[in-house]
Amino acid sequence: MRLDLHLVPVKGNTVRLPRANLHLVQAMIYGLFEKSFAQVLHDVGFERDNRRFKLFSFSWPKGQGRPRMEDGAISFEAPLQVVVTSPLNRILEQISGGALCGGPLRIGNNELECVEVKVFRPAPKNNSVTVKALSPITCYTTEPESGDRKPFVHYHGPKDQEFAAQIDGNLKKKFSLIYPGEEIPQEVVKVIPLGEPRKQAAMFRPKDTVPIVGWWGKYRLEGPDVLLQLALDAGIGAKNSGGWGCLEAPER
């Protein structure tokens with residue numbers, strides 16, 4: 001399920017953030033949860049094959065019109081929209097309840113009020129769905145140290161076989177977490193770019209020294225409906241709870 005949060009400043013009509021702001025949006029989302037649940041979700045999450053999943057994704061913030069870039073900051077005209085998706089009702093209920101009933105919200109130095117939460121239930125049909133990335137999709141392999149070479153991260157693009165392979169494997173791990181004991185679908189999820197994806201490199205927070213790389217664009221996903229539904233609800237690729245791989249299914 002998808003929640004669209006519409007946020008306005010308590011004062012003024014502009015939201016000003018550092019260009020590297022995903023950590024601030026993530027902190028705002030965690031602040032919507034009950035404190036004990038937020039701590040467990042952040043510190044532990046849901047574990048599978050030595051990896052931890054948070055089972056939510058979020059979009060990059062979007063304002064009215066084009067944002068303004070100035071002095072290392074980005075300014076948005078209100079209302080500010082942030083999309084959050086998750087397959088878990090508990091996460092969605094706490095986000096919507098915290099946004100509407102929990103008092104003012106903060107993203108960085110901005111005090112905001114949530115004036116509306118829109119709920120969408122996009123669904124695949126006949127083992128296919130067309131999606132648009134609301135945050136760049138990132139897939140990568142960490143290459144180990146070898147001789148004089150230090151460990152490094154190799155990012156895979158949409159035209160690489162490993163890109164689709166990682167998305168397929170990631171969705172099947174999420175399936176096993178949400179439906180324990182059920183047989184994992186064996187069919188492979190295909191990821192077909194529609195047009196030319198746009199590469200994006202960005203920092204999660206200003207103090208980071210190495211950017212994360214991902215790809216915007218529209219894609220057609222083909223595979224079992226239950227896995228495609230997870231793609232819509234939990235995001236695809238890596239770092240979903242850090243602001244990467246959030247999807248929408250545009251209305252035709």
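Ala, Val, Leu, Ile, Met, Phe, Trp, Tyr, Cys and Pro count here as nonpolar, Asp, Glu, Lys and Arg as charged, and the others, Gly among them, as polar. The structure is a predicted model, in which local features need pLDDT of at least 70 and side-chain atom pairs count only at pLDDT 80 or more, while totals for chains, interfaces and linings use all residues. Residues are numbered from 1 along each chain as its sequence is written, and side-chain values use heavy atoms, with hydrogens and water left out.

**Exercise 1. Describe the largest cavity and its lining by class.**

Step 1. On a 1 Å grid over the protein atoms alone, a cavity is a set of points where a 1.4 Å probe fits but cannot get out; a pocket is an open set with protein on both sides within 12 Å along at least five of seven lines; lining residues have an atom within 4 Å of a point. Grid points are joined across faces, edges and corners, and a volume is the space filled by probe spheres set on the points.

Step 2. The whole structure yields 1 cavity of 30 Å³ or more. The largest cavity holds about 30 Å³.

Step 3. Its lining consists of M1, R2, T85, P122, L232, D233, L247, E248 and A249. Sorted by class, these give 5 nonpolar, 1 polar and 3 charged residues.

Step 4. Helices (H or I, at least four residues) and strands (E, at least two) are DSSP runs, numbered from the N terminus. At least two lining residues each come from α5 (225–234) and β15 (247–248).

**Exercise 2. Locate the largest pocket relative to the domains.**

Step 1. The volume of the largest pocket is about 950 Å³.

Step 2. Of its 28 lining residues, W60, P61, K62, R198 and W216 lie nearest the centre. Two or more residues are given by each of β6 (62–70), β7 (73–85), β10 (128–133), β13 (190–202) and β14 (212–222). β6 provides the largest share, 6 residues.

Step 3. The class split is 14 nonpolar, 7 polar and 7 charged.

Step 4. Domain bounds come from an automatic or database domain assignment. Because domain 1 (2–120) and domain 2 (128–248) both give residues to the lining, the largest pocket lies between them.

**Exercise 3. Do the same for the second largest pocket.**

Step 1. The second largest pocket has a volume of about 730 Å³.

Step 2. It is lined by 30 residues, with R52, Y140, A238, K239 and N240 nearest its centre. Elements giving two or more residues are α1 (22–30), β4 (51–53) and α4 (161–178). The largest share, 7 residues, is from α4.

Step 3. Its lining has 12 nonpolar, 10 polar and 8 charged residues.

Step 4. Both domains contribute to this lining, so the second largest pocket also lies between them.

**Exercise 4. Trace the salt-bridge network that includes R2.**

Step 1. A salt bridge is a side-chain nitrogen of Lys or Arg within 4 Å of a carboxyl oxygen of Asp or Glu. The count by this rule is 8.

Step 2. R2 pairs with D4, with the closest N and O atoms 2.7 Å apart. R2 also pairs with E248, at 3.0 Å. E248 lies in strand β15 and R2 in strand β1 (residues 2–9), so this pair ties together parts that are 246 residues apart in sequence.

Step 3. Buried means under 20% relative accessible area, exposed over 50%, partly exposed in between (1.4 Å probe, protein chains only). D4 is buried at 3%, R2 is buried at 12%, and E248 is buried at 16%.

Step 4. Shared partners join R2, D4 and E248 into one network.
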